[in-house]
Amino acid sequence: MQTFELGSVHPSALVSAEATLGSNVTVGAFSVIHDGVEIGDDTVIGSHCVVGEPTAEFYAHGDSEATKCTIGARSVIRSHTVIYRGATLGDGFECGHRVTIREGSVIGIGVRVGTQSDLQGDLSIGDYARLHSNVHIGRLSVVEACTWIFPFVVMTNDPHPPSDTCTMGASVRRFAVVATNSVLMPGVEVGEHALVGAMSLVTRDVPAGRVVVGSPAHDAGAVADVVCKHGRLDHVYPWPDQFRRGYPEGVLPPPGATS
Amino acid sequence: MQTFELGSVHPSALVSAEATLGSNVTVGAFSVIHDGVEIGDDTVIGSHCVVGEPTAEFYAHGDSEATKCTIGARSVIRSHTVIYRGATLGDGFECGHRVTIREGSVIGIGVRVGTQSDLQGDLSIGDYARLHSNVHIGRLSVVEACTWIFPFVVMTNDPHPPSDTCTMGASVRRFAVVATNSVLMPGVEVGEHALVGAMSLVTRDVPAGRVVVGSPAHDAGAVADVVCKHGRLDHVYPWPDQFRRGYPEGVLPPPGATS
Amino acid sequence: MQTFELGSVHPSALVSAEATLGSNVTVGAFSVIHDGVEIGDDTVIGSHCVVGEPTAEFYAHGDSEATKCTIGARSVIRSHTVIYRGATLGDGFECGHRVTIREGSVIGIGVRVGTQSDLQGDLSIGDYARLHSNVHIGRLSVVEACTWIFPFVVMTNDPHPPSDTCTMGASVRRFAVVATNSVLMPGVEVGEHALVGAMSLVTRDVPAGRVVVGSPAHDAGAVADVVCKHGRLDHVYPWPDQFRRGYPEGVLPPPGATS
């Protein structure tokens, strides 16, 4: 038996009669597509995935508030990924292996999410955002367009855990960068073009265009003053001045526009 | 073919003739239930799970010291989870996706464990403990009843890795809270109702009812003095004074009893 | 139906006619072995694995630069693991569940990799290296022989993310130890027999035989001066003086040789 073929549903996959697949959709071996799923044209679902996973109420009462799960066209969902009913993913979505996307996640176009990242639901991810591996995006988080979130970053939401009187999602504004292993405390906002250094604990808002580092994080200057470590670039931030790979025309500010 | 149906074993699942399933048990598509597994009534096993995974000796010599894997009644085990032979899970257990629970894990009743958490075995988790996503509980750890462990917390056990002369598990006492990305060093004890702040490195015991923060962690006052960040609550710790969702009557101390 | 049998390919597994399996190879239920995979004698592939996963170009253009995926003899690959075409794994490899190994990963003999670790490709791992759970090894990293990398360690490679003008992999030299939750910044080198304490942010090279701790990491003495925490050992580092389990004769320096 063929192990994989682009443009076809593998015979071992289970696709609900209540799911809607566009043209030229691929579904890998041993994947499960539940009721209420809509998948756009030319999208690839890898093997061992679950799309349209029911929410917790289903296991408790046999039904689920959320009824639909929408995945855009031209997307690539890699193996062992779980996407819940109640999630909405825009066109051109691409993710690594074993990603979890829960109900109420609203994801723009051209977004990439790395292996084992966990989107806890009731959150929004803007167009062309790049989330690397193992990021944990808590409920009520806002991640705007063209941001970068690196491995093991956690966006928290509970100011005094455990509680349920008031959850406060954190926000990452357009073009901001959060480096590996950092934690954003509940309700903090990382401003446009700001940079959070690796392993920082961000306890206060980060103004636009500033660098913060440390635990707790403190201001470390303007992003424009970050010096290139290998001397080949005049300046490295704002990053759209030196890195534009993978973005369509017009999505990033023109080089020099923000510096 | 149906993609999922509560109360039935999916035709694509593999269930050993040497496994014992209670009444009204659900087993999802493409799951494997090995020999020696006992599953209580009304429990749901999601898709792509492995229950009764053999221990390392099996791959080396073809047999395994551990012979049984027990899962209580009314539990929900989500997709892609692996539970080893030699693990014992109490009634009302609930977990996220891709959880790993190894041999010698003894888990009480009403416990919840989040997506991708890794319980390394030879450890105990008390009743109604709440472990969030991606926690890593090393061998010989003790997590008592009604505790909270947040994402990416690591409980270590080797005082000078690598070694095997003496492993020292860490402990988290009743009602204690360990916030996201913290590390408990080998042998440390987090006392009852204590609070470990986010991204703390806990190198010494934390007395009952105290807050610690930082790397290495230092004392930051009594939990009763933590001020509510949004002003809607008189006090936030001990947390059972303001949060009781999901606990049966009598499990938590009455409000005000410990403050 | 049998749920697992050593030495045989489970009837539910999909094995490409273009894959080559040695003698006495086990393939677990619901695993997929794609074209171009070569698996050595006596190796066990667990259930729900994907071996020979195509690289990103395949999803974009239907073909893949990398054509082969080689796994040595006497290896154990646990369930839900994904190994890409273009990866080369030596004999006696052993890994936990849900490991990801991407194209261009060159892995020596006798290596162990823990559950959910993510090897991002274009990197090398030396003989008998031990990577624990959830480690993240960025592209261009070099992990030499007989090293130890503990849970949630991240080896980064981009000096000013996002960029693509110059990636700088980090290196861990022979016998070095990197403790849990530490981050190695781009291009740093951890010297032979050095020790990086838990939750350290390593921003500069660590000389051979030194201990560093903190964020950013600072020197904390010679490894030979680390005092045994439970008093049963005269000295604990260099670790081959007190720990030799699992290494063949001649691989580690004789006790006392380096201290």
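Chain C and chain A together bury about 3,500 Å², with 66% of that area on carbon and sulfur atoms. The model is predicted. Within chain C, three residues stand out: Y59(C), H160(C) and P162(C) supply 20% of the area that chain C buries against chain A, more than any other three residues. The contact draws 49 residues from chain C and 42 residues from chain A.

Now look at the polar side of this interface. The rule finds one salt bridge across it. R245(A) pairs with D164(C), and their closest N and O atoms lie 2.8 Å apart. Between the two chains, 15 residue pairs are in polar contact, with both residues at pLDDT 80 or more.

Next, trace the elements of chain C that touch chain A. Five of them each supply at least two residues: β1 (14–15), β4 (32–33), β7 (50–53), α1 (56–61) and β10 (82–84). The largest share, three residues, comes from α1(C). By class, this side of chain C has 24 nonpolar, 21 polar and four charged residues.

Finally, consider how the two copies are related. A turn of 120° and a shift of 0.0 Å along the axis lay chain C on chain A, with an RMSD of 0.0 Å. That is the relation of a three-fold axis. The copies use different surfaces in this contact: 18% of the contact residues of chain C recur in chain A.

Technical notes:
Residues are numbered from 1 along each chain as its sequence is written. Chains are lettered from A and ligands numbered from 1 in the order in which they are written. This is a predicted model: local features need pLDDT of at least 70, side-chain atom pairs count only at pLDDT 80 or more; totals for chains, interfaces and linings use all residues. Side-chain values use heavy atoms; hydrogens and water are left out. Contact means heavy atoms within 4.5 Å. Buried area is the accessible area (1.4 Å probe) that two parts lose on being put together, summed over both. A salt bridge is a side-chain nitrogen of Lys or Arg within 4 Å of a carboxyl oxygen of Asp or Glu. A polar contact is a pair of N or O atoms within 3.5 Å; within protein, one must be able to donate a hydrogen and the other to accept it, and residues adjacent in sequence count only if both atoms are side-chain atoms. Helices (H or I, at least four residues) and strands (E, at least two) are DSSP runs, numbered from the N terminus. Ala, Val, Leu, Ile, Met, Phe, Trp, Tyr, Cys and Pro count as nonpolar, Asp, Glu, Lys and Arg as charged, and the others, Gly among them, as polar. Copies are superposed by least squares on the C-alpha atoms of residues with pLDDT of at least 70 in both.
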